[in-house]
There are 2 protein chains.
Amino acid sequence: MPIAETPEPPYTAVIFTSTRTPGDNGYTQMLQRMETMAAAQPGYLGIETVKDGLAGITVTYWRAEPAAAAWTQVAEHLVAQQRGQQVWYDDYRVRVATVGRDYGWG
Amino acid sequence: MPIAETPEPPYTAVIFTSTRTPGDNGYTQMLQRMETMAAAQPGYLGIETVKDGLAGITVTYWRAEPAAAAWTQVAEHLVAQQRGQQVWYDDYRVRVATVGRDYGWG
């Protein structure tokens, strides 16, 4: 996983933590489609995602919160969210946060 | 991974994304010690962590940013951070964020 190249703060982080139900049930195909669509949204900055078995954390970064909010309302994404609740996820939590500072190597 | 039971926003999220160097080199033991110590810090709310091979995302939650900042300055944690840069991590980024809203199941 490459670490997302985000600009100087402030920017928005959407932290999505989840536990999956067993079986794929079309999840992988939907996920690839959603990741491609999200990356084409206005204000998208990047994504970091790690999965281990049924557990996953995905953080998407956005210029500001309205950009993140707009993505949740895209029709095809709404369908995916509904299917997520019905089929793919056992539990999940979405946290919308403003990154005020960041630091890395060195 | 259980999803952290956090209170009503606002609260602070520290998003730590990393790629490890190969080999353990004492990392697992240090990590367990740091997770135990962090959980005993004032203002600690919870942790979510997922690893896949050398990639990892860990999010720790705190009542407010001073609590998160204080943890970075604990002596044993400072030693661990230094060793992280010298030995354990190939790359990492820390993002300190304020969670303004969250939502989950239903």
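In the hairpin that links β2(B) and β3(B), 2 residues sit between the strands, and B:Gly53 adopts a positive phi near 60 degrees. The model is a predicted one, and this turn is a handy way into its sheet. The two strands of the hairpin run antiparallel and are joined by 8 bridges. Within that ladder, B:Val50 faces B:Ile57 of β3(B).

Stepping back from the hairpin, the sheet it belongs to is open and holds 8 strands, in the order β2(A)-β3(A)-β1(A)-β4(A)-β4(B)-β1(B)-β3(B)-β2(B), with antiparallel pairing. β2 of chain A and β2 (44–52) of chain B stand at the edges with a single partner strand each, so one side of each has no neighbour in the sheet. On average, and with direction ignored, neighbouring strands are turned by 25 degrees against each other.

The middle of that strand order is where the chains meet. β4(A) pairs with β4 (residues 89–104) of chain B in the antiparallel sense, over 11 bridges. Several pairs can be picked out along this seam: A:Ala97 stands opposite B:Val99, A:Arg101 has B:Val96 as its bridge partner, and A:Gly104 is partnered by B:Arg93. B:Arg93 of β4(B) is also the bridge partner of B:Thr17, so to speak on the chain B side of the strand. That second pairing fits into the antiparallel ladder between β1 (residues 11–20) of chain B and β4(B), which counts 10 bridges.Helices of chain B pack against this sheet. Helix α1 (residues 27–39) of chain B touches β1, β2, β3 (55–62) and β4 of chain B, and its direction makes about 160 degrees with that of β2(B). Helix α3 (residues 75–88) of chain B lies across β1 and β4 of chain B together with β4 of chain A, running at about 125 degrees to β4(B).

As for the interface as a whole, 43 residues of chain A and 43 residues of chain B take part in the contact. About 3,700 Å² is buried between chain A and chain B, with carbon and sulfur atoms giving 59% of that area. A:Arg95, A:Tyr103 and A:Trp105 account for 20% of what chain A buries against chain B, more than any other three residues.

Polar links are part of the picture too. There are 25 residue pairs in polar contact across the interface of chain A and chain B, counting pairs with both residues at pLDDT 80 or more. On the side of chain A that touches chain B, the elements giving two or more residues are β1 (11–20), β2 (44–52), β3 (55–62), α2 (65–72), α3 (75–88) and β4 (89–104) of chain A. The largest share comes from β4(A), with 16 residues. By type, the residues on this side of chain A split into 20 nonpolar, 13 polar and 10 charged.

Side chains of opposite charge can pair when their charged atoms come close. Over all chains the count is 8 salt bridges, and the count between chain A and chain B is 6. One of the salt bridges is between A:Arg93 and B:Asp102, whose closest N and O atoms are 3.4 Å apart. In another, the side chains of A:Glu65 and B:Arg101 meet at 2.6 Å, N to O. Because A:Glu65 lies in helix α2 of chain A and B:Arg101 in strand β4 of chain B, this pair joins two chains.

A few local details round off the description. In chain A, the loop between β1 and α1 (27–39) holds A:Thr21. A polar atom of the A:Thr21 side chain lies 2.7 Å from the backbone oxygen of A:Val87. Leaving aside residues up to four places away in sequence, A:Thr21 touches A:Leu54, A:Val87, A:Trp88, A:Tyr89 and A:Asp90. A:Asn25 is also found in the loop between β1 and α1 of chain A, and has a positive phi of about 50 degrees although it is not a glycine.

Cis peptide bonds turn up in both chains. In chain A the bond from A:Pro9 to A:Pro10 is cis, with omega near 5 degrees, and A:Pro10 lies in the segment before β1 of chain A. In chain B a cis peptide bond joins B:Pro9 and B:Pro10, with omega about 5 degrees, and B:Pro10 is in the segment before β1 of chain B.

Conventions:
Residues are numbered from 1 along each chain as its sequence is written. Chains are lettered from A and ligands numbered from 1 in the order in which they are written. This is a predicted model: local features need pLDDT of at least 70, side-chain atom pairs count only at pLDDT 80 or more; totals for chains, interfaces and linings use all residues. Side-chain values use heavy atoms; hydrogens and water are left out. Contact means heavy atoms within 4.5 Å. Buried area is the accessible area (1.4 Å probe) that two parts lose on being put together, summed over both. A salt bridge is a side-chain nitrogen of Lys or Arg within 4 Å of a carboxyl oxygen of Asp or Glu. A polar contact is a pair of N or O atoms within 3.5 Å; within protein, one must be able to donate a hydrogen and the other to accept it, and residues adjacent in sequence count only if both atoms are side-chain atoms. Helices (H or I, at least four residues) and strands (E, at least two) are DSSP runs, numbered from the N terminus. Ala, Val, Leu, Ile, Met, Phe, Trp, Tyr, Cys and Pro count as nonpolar, Asp, Glu, Lys and Arg as charged, and the others, Gly among them, as polar. Two strands pair if DSSP finds at least two bridges between them. Axes are lines fitted to C-alpha atoms, for helices over the stretch in contact, and angles run from 0 to 180 degrees between N-to-C directions.
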